Amino acid sequence: MSSCLTAHLLDIEATRALVGSNDEQLLATIRTEFARDLARDDDWFSDEITEGAPTAFDALTAVVRGGPYDAAEEHSFQYGYAYKRLCTLTGSFLDNSSFCPFRGGWLETVDEGLKALRITAVSVADLGYYGGVPAGIPTYDLPRSGEWTHAECVAALEQFEQTKRDGHAPPLESYVVDAIRDVVGWLEHAAARPGYGVIGFVS
């Protein structure tokens, strides 16, 4: 079974502030302008919704209003996807050509390549754990999420630049090099915008 890592450039604090913001205008805008996307996702999870999972918009409403999160545990994945939707709609999509789809330990393989280049301030695998969903939002299994702060992105980019200055060029497989190029691109985008970082989701 394959997975997909999507990454978004965002002001992380501002994004987290949307949770519990009671921004009814945001909800109305999403409901109007992204009705087709919401319907598509409801169709994808139609069996789960029949069994009691909230619809995409109901889950999104709960996240923006800070609750109530009254779905059963096995259906709380919809709240995680609702937070992902907020990130998708308010952030900038980052090229994930090397990460969608992927199988097995690919994220860890890329991390090994980063470490070989002495880049240790960020971990791609961390974007596939659970630390990116704000506390208080229940979720179940997928999506998994993680984030890199602006400071972490700046530090990682400096490590990459130092590697280049040192002429350190360990032998890496071409497909790992391609993935690292994607990651460096993410770091450059984040470092150029104060307060911005990367939020990733694996699903």
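In the predicted model, the largest nonpolar core comprises 31 residues, and those making the most contacts inside it are Leu5, Phe99, Leu107, Val124, Trp148, Trp186 and Val198. At least two residues of this core are supplied by each of strand 1 (5-11), helix 7 (106-116), helix 8 (150-166), helix 9 (174-191) and strand 4 (196-202). Helix 9 contributes the largest share, 8 residues. In soluble globular proteins, nonpolar side chains tend to be buried together.

The surroundings of Val198 illustrate the packing in this region. When residues up to four places away in sequence are not counted, Val198 touches Ala7, His8, Ile12, Leu94, Leu127, Gly146, Glu147, Trp148, Cys153, Trp186 and Ala190. Apart from the largest core lies another core, of 24 residues, which includes Leu26, Ala62, Leu86 and Cys87.

Leu26 also belongs to helix 2 (residues 24-33), whose buried residues are Leu26, Leu27 and Ile30. Viewed down the axis of helix 2, these buried residues fall within an arc of 100°, and they therefore line one face of the helix. An α-helix has 3.6 residues a turn, so residues three or four places apart point the same way. The buried residues of helix 2 are covered by elements including helix 3 (35-44), helix 5 (56-65) and helix 6 (77-90). On the face of helix 2 turned away from its buried side, the exposed residues are Gln25, Thr32 and Glu33. Gln25 also takes part in an approach at the start of helix 2, where its backbone nitrogen lies within 3.2 Å of a side-chain oxygen of Asp23.

Technical notes:
Residues numbered from 1 in each chain as written. Predicted model: local features only at pLDDT ≥ 70, side-chain atom pairs only at ≥ 80, totals over all residues. Heavy atoms only, no water. Buried < 20%, exposed > 50% of the residue type's maximum accessible area, 1.4 Å probe, protein only. Helix = DSSP H or I, 4+ residues; strand = E, 2+ residues; numbered from the N terminus. Arc of directions from axis to C-beta. Contact = heavy atoms within 4.5 Å. Polar contact = N/O pair within 3.5 Å; in protein donor to acceptor, adjacent residues only side chain to side chain. Core = buried A, V, L, I, M, F, W, Y, C linked by side-chain atoms within 4.5 Å.
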